[in-house]
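Got your viewer open? Let's walk through this one stop at a time, selecting as we go.

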Amino acid sequence: MGVIKLKNIRTFSYHGCMIEEGKIGSDYTVDLKIKTNLQHSANTDNLVDTVDYVHLNKIVTEEMAIRSHLLEHVAKRINDRILTEIKIVEKTTVSVSKINPPIGGDVESVTIKMTEIRK
């Protein structure tokens with residue numbers, strides 16, 4: 001088993017329950033960790049035998065572009081798409097952080113983290 005991580009994917013998105021959040025948007029970061037067998041690709045040195053992190057980044061950025069009220073909803077969509085589109089992924093964990101959330105305090109970010117395992 002092996003791990004591929006994408007750290008600190010930065011997006012500007014429009015998630016949140018407040019109407020203003022859907023209009024003005026906010027900065028977000030996403031961390032992604034997937035588990036898969038990397039032995040075959042380590043032997044073949046061939047991109048088709050591994051998980052292409054360009055594909056992972058594309059899934060994250062496309063899903064972050066779709067407005068949701070809850071970060072949990074976005075994270076679930078990202079996890080589900082990865083497991084649907086990339087058959088060799090066994091487990092995926094995504095963390096979505098809203099930078100400087102509008103929660104009435106001096107808070108750097110709020111983060112949710114969700115994991116899905118292939119059944």
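Does Asp45 count as buried or exposed? Select Asp45 and check: its relative accessibility is 72%, over the 50% cut-off, so Asp45 counts as exposed. Keep in mind along the way that you are looking at a predicted model. Asp45 sits in the loop between helix H2 (39–44) and H3. Its backbone is worth a look too: Asp45 is not a glycine, yet its phi is positive, at about 60°.

**Zoom out**

Now show the whole chain as a cartoon. You should find four helices and four strands. Trace them from the N terminus and the order is β-α-β-α-α-α-β-β. The C-alpha atoms fill a box of roughly 50 × 25 × 25 Å along the principal axes. Colour by accessibility and 39% of the 119 residues come out as buried. If you draw contacts between residues at least 6 apart in sequence, 61% of them join residues at least 24 apart.

**Select helix H4, residues 71–85**

This helix has 15 residues. From its first C-alpha to its last it reaches 21 Å, close to the 21 Å expected at 1.5 Å a residue. Turn on the side chains and pick out the buried residues: Leu71, Val74, Ala75, Arg77, Ile78, Asn79, Arg81, Ile82 and Leu83. An α-helix has 3.6 residues a turn, so residues three or four places apart point the same way. Where do the buried residues of H4 pack? They pack against strand E2 (26–36), helix H3 (53–64), strand E3 (89–99) and strand E4 (109–117).

**Into the core**

In soluble globular proteins, nonpolar side chains tend to be buried together. Here, the largest nonpolar core has 23 residues. Show Leu32, Ile34, Leu56, Met64, Ile78, Ile82 and Val96 as spheres: these touch the most other members. Strand E1 (2–13), E2, H3, H4 and E3 each give two or more residues to this core. H4 gives the most, with six residues.

Stay on Leu56 for a moment. Leave aside its neighbours within four places in sequence, and Leu56 is in contact with Ile4, Leu6, Leu32, Ile34, Val51, Ile82 and Ile86.

Next, click on Asn57, which is found in helix H3. Asn57 has a relative accessible area of 31%, so it counts as partly exposed. Beyond the residues within four places in sequence, Asn57 is in contact with Leu6 and Ile9. Try a distance to Leu47: the two are ten residues apart in sequence and 15 Å apart in space, C-alpha to C-alpha.

**A stop on strand E1**

Select Asn8, whose place is in strand E1. What is the phi of Asn8? It is positive, about 60°, although Asn8 is not a glycine. With 37% relative accessibility, Asn8 counts as partly exposed.

**Look for the pocket**

Rolling a probe the size of a water molecule over the atoms shows where empty space is left. In this model, the largest pocket holds about 180 Å³ of space. It is lined by 14 residues, and the closest to its centre are Gly16, Glu21, His69, Lys98 and Val110. H4 and E4 each supply at least two residues of the lining. Colour the lining by chemistry and you get nine nonpolar, two polar and three charged residues.

**From one loop to a distant helix**

Select Pro101, in the loop between E3 and E4. At 4% relative accessibility, Pro101 counts as buried. Not counting residues up to four places away in sequence, Pro101 touches Val107, Glu108, Ser109 and Val110.

Add Gln39, which lies in helix H2. Is Gln39 buried or exposed? Its relative accessibility is 51%, so Gln39 counts as exposed. Draw a line from Pro101 to Gln39 and you span 41 Å, C-alpha to C-alpha, with their positions 62 residues apart in sequence counted as a separation. One last line, from Gln39 to Thr61, joins C-alpha atoms 28 Å apart; along the chain these two are separated by 22 residues.

Key. Residues are numbered from 1 along each chain as its sequence is written. This is a predicted model: local features need pLDDT of at least 70, side-chain atom pairs count only at pLDDT 80 or more; totals for chains, interfaces and linings use all residues. Side-chain values use heavy atoms; hydrogens and water are left out. The expected span of a helix is 1.5 Å times one less than its number of residues. Buried means under 20% relative accessible area, exposed over 50%, partly exposed in between (1.4 Å probe, protein chains only). Contact means heavy atoms within 4.5 Å. A nonpolar core is a set of buried Ala, Val, Leu, Ile, Met, Phe, Trp, Tyr and Cys residues joined through side-chain atoms within 4.5 Å. On a 1 Å grid over the protein atoms alone, a cavity is a set of points where a 1.4 Å probe fits but cannot get out, and a pocket is an open set with protein on both sides within 12 Å along at least five of seven lines; lining residues have an atom within 4 Å of a point. Grid points are joined across faces, edges and corners, and a volume is the space filled by probe spheres set on the points. Ala, Val, Leu, Ile, Met, Phe, Trp, Tyr, Cys and Pro count as nonpolar, Asp, Glu, Lys and Arg as charged, and the others, Gly among them, as polar.
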